[in-house]
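This briefing concerns the interior and the surface of one protein chain. The sequence and structure are shown first, followed by notes grouped by topic.

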Amino acid sequence: MIHFTMRMKIVTMAIFKFILKLISDCAENNLVNGRIATLKNATYHTKTTQNELINICNEIIVSELKCEVKKAKFFSILADEASDVSYMEQMPLVLLFVNDNCEICELFFGFIPCDSGLSGEAIASQILNSIKDMGLEMKFCVGQGYDGVGNLAGNCSGAAIRIKTIYPKALYVHCGSHVLNLCVADACNIQIVSNMMSNVQVISQFFHFSPKRFDVLKKN
């Protein structure tokens with residue numbers, strides 16, 4: 001795992017240097033133009049510079065996404081608690097809305113650190129604060145989608161009911177993908193279903209790992 005992480009850092013640095021060189025070749029700004037004499041330590045390769053650029057890109061992207069949500073006015077929330085490889089609890093936040101073309105859009109806005117705990121009250125507070133920080137109004141929230149665990153979907157103290165108490169239009173719906181996952185997991189205990197799923201996996205791998213086979217599959 002350590003060697004994999006180191007390789008990823010090396011690859012990331014190489015990509016970053018390539019992008020920086022591309023900016024240097026294309027930009028007219030003397031500050032980033034590598035052909036202009038600068039201080040020896042002005043390499044712009046440090047992790048601090050990388051993080052600053054990543055944060056700037058994040059702010060620009062989130063700003064554009066917020067404009068899309070505001071234009072649609074009404075939205076729904078999707079969230080779920082999870083832990084990363086360092087066992088840090090965090091919660092991905094996704095907003096759903098309908099655009100001008102009557103298409104359902106699903107946008108990922110980032111991870112919310114669960115610093116204040118995983119209780120229904122804490123998660124509800126974290127979601128509400130995140131929506132507020134994005135400049136969106138919860139009064140336009142018309143739906144919530146979580147899995148069925150107690151701290152999210154509990155009828156008495158879950159995050160969904162706490163949010164719905166404040167914003168009655170934010171109806172809770174059990175996440176359809178999670179329901180399907182539970183159904184498949186339960187069905188796999190049945191031998192005939194387990195055999196079918198194994199066959200589907202083998203067939204999928206047979207076509208997936210060969211572009212020629214996959215082309216034949218698409219043609220036929």
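The model is predicted. Helix 7 gives the most to the nonpolar surface patch, with three residues. In the interior, the largest nonpolar core holds 32 residues.

**Nonpolar surface patch**
- Leu-180, Val-184, Met-196, Met-197 and Val-200 make a nonpolar patch of about 410 Å² on the surface.
- At least two residues of this patch come from each of helix 6 (176-187) and helix 7 (191-208).
- Val-200 has its place in helix 7, and it counts as partly exposed because its relative accessibility is 45%.

**Largest nonpolar core**
- Among the 32 members, those that touch the most other members are Phe-75, Ile-77, Leu-95, Ile-127 and Ile-131.
- At least two core residues are supplied by each of helix 2 (47-72), strand 1 (75-79), strand 3 (89-98), strand 4 (104-113), helix 3 (120-133), strand 5 (141-146) and helix 5.
- Helix 3 provides the largest share of this core, five residues.
- Beyond its neighbours within four places in sequence, Ile-77 is in contact with residues including Leu-93, Val-94, Leu-95, Ile-127, Ile-131 and Met-138. Its contacts also include Cys-141, Gly-143, Gln-144, Gly-145 and Tyr-146.

**Surroundings of Ala-170**
- Ala-170 lies in the loop between helix 5 (159-166) and strand 6 (171-174).
- Ala-170 counts as buried because its relative accessibility is 0%.
- Setting aside neighbours within four places in sequence, Ala-170 is in contact with Cys-141, Val-142, Gly-143, Gln-144, Ile-163 and Lys-164.
- Although Ala-170 and Phe-75 are 95 residues apart along the chain, 9.3 Å separates their C-alpha atoms.

Notes:
Residues numbered from 1 in each chain as written. Predicted model: local features only at pLDDT ≥ 70, side-chain atom pairs only at ≥ 80, totals over all residues. Heavy atoms only, no water. Patch = residues over 30% accessible without salt bridge, like charges linked within 9 Å, V, L, I, M, F, W, Y side chains within 5 Å. Areas by Shrake-Rupley, 256 points an atom, 1.4 Å probe, with all protein chains shown as cover. Salt bridge = Lys/Arg side-chain N within 4 Å of Asp/Glu carboxyl O. Helix = DSSP H or I, 4+ residues; strand = E, 2+ residues; numbered from the N terminus. Buried < 20%, exposed > 50% of the residue type's maximum accessible area, 1.4 Å probe, protein only. Contact = heavy atoms within 4.5 Å. Core = buried A, V, L, I, M, F, W, Y, C linked by side-chain atoms within 4.5 Å.
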